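Here are a few notes to read alongside the model. Keep the 3D view open and follow along as you go.

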Amino acid sequence: MATIPTTIFEFLLALKANNHKDWMQEHKKRYQSQEKALKSFYAAVVTRLNETDEIEKTKVYRINRDIRFSKDKTPYNIHRSAGFSRAGEHRRGGYYLRLEPGNSMMGGGFFSPNPSDLLRIRKEFEIDDQEIRTILETSEFKKAFGGFNTEYQVKTAPKGFDKTHSAIDLIRNKAFFVSHRFTDEEVLSDDFLDNLVAHFLLLRPFFDYMSDVLTTDLNGVSLLE
C-alpha cells in the first residue's frame with residue numbers, strides 16, 4: 001500500500017530552519033526522492049477515488065514560493081500540497097491534501113467560487129437551507145469536519161440579502177469548504193491512505209448537492225442542456 005515517506009516531516013522541519021537556495025541545492029536528491037514517493041501516493045489516492053468518482057487532474061503545488069508581492073522572501077514552502085479535480089461540468093468540488101509538520105490536513109469544497117457561483121449558492125440557501133443543513137449535521141460529516149470554515153465571511157450580509165434571514169449564517173460565507181486535521185503519526189501510519197480516502201468520501205453528499213445547485217437555475221432547470 002502507498003504510504004507517505006517517513007522522512008517528510010524531518011525534511012520539512014530542516015527546510016524551515018534553512019530556507020535558502022544553497023541548503024535546498026545541497027539536499028536536492030533527498031527532495032527529489034521524496035517528491036517521487038509523494039507522487040506515487042497521490043496516484044494511489046486518484047486510483048481509490050476513481051472507484052466511486054472521476055478525477056480529471058492532480059495538481060501538485062510547487063515547493064517554490066511566489067515571492068513577487070510578499071514581504072516574506074523565503075524561497076520555499078514548508079509544506080507539500082496537492083489538489084484533485086473532478087471531471088466534467090456536472091461534477092463540482094475538489095479534494096485537497098496538505099502535509100506539514102504538526103499542521104497536516106485534508107479538505108474539500110469551494111474555496112473561492114466565482115461571483116456567479118457564489119450568488120447561486122447564496123440564493124439557494126436563501127430559498128431553502130434544509131438540505132445543506134441536513135448534510136452538515138450528518139453525524140459522520142459533523143464529527144469529521146465540524147462545519148464550514150467561517151474564516152471567510154462578510155461581516156453582516158451580502159448586498160441584496162436580508163441580515164435577519166434564518167440562513168444568514170450560511171449566506172455570509174464567501175467560501176464553502178470543510179477540513180480535517182491529521183496528526184503527524186496518522187500521516188506516517190501504514191493506513192493513512194485508507195484514512196484519507198475515507199474522509200474524502202465523506203464529502204460526496206456535499207459535492208453531489210452543490211453540483212446539482214451549480215448546474216441548475218433557481219427553478220431547477222439544468223444549465224448544461
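**Notes on the strands and the core**

1. Start with a small pairing: Gly 94 has Gly 109 of strand S4 as its bridge partner. Before going on, note that this is a predicted model, where local features need pLDDT of at least 70, side-chain atom pairs count only at pLDDT 80 or more, and totals for chains, interfaces and linings use all residues. Residues are numbered from 1 along each chain as its sequence is written, and side-chain values use heavy atoms, leaving out hydrogens and water.

2. Strand S3 (residues 94–99) runs antiparallel to S4, with 5 bridges between them. (Strands are DSSP E runs of at least two residues, helices H or I runs of at least four, both numbered from the N terminus; two strands pair if DSSP finds at least two bridges between them.) The two make a hairpin with 4 residues in between, and Gly 102 in the turn has a positive phi of about 75°.

3. S4 also has strand S5 (residues 176–182) alongside, antiparallel and joined by 7 bridges. Here Phe 110 is matched with Phe 176 of S5.

4. Is S4 buried or exposed? 7 of the 7 residues of S4 (residues 104–110) are buried, so the strand is largely enclosed by the rest of the structure. (Buried means under 20% relative accessible area, exposed over 50%, partly exposed in between, with a 1.4 Å probe and protein chains only.)

5. Now find Leu 196: leaving aside neighbours within four places in sequence, Leu 196 is in contact with Phe 41, Val 45, Leu 97, Met 106 and Phe 182. (Contact means heavy atoms within 4.5 Å.)
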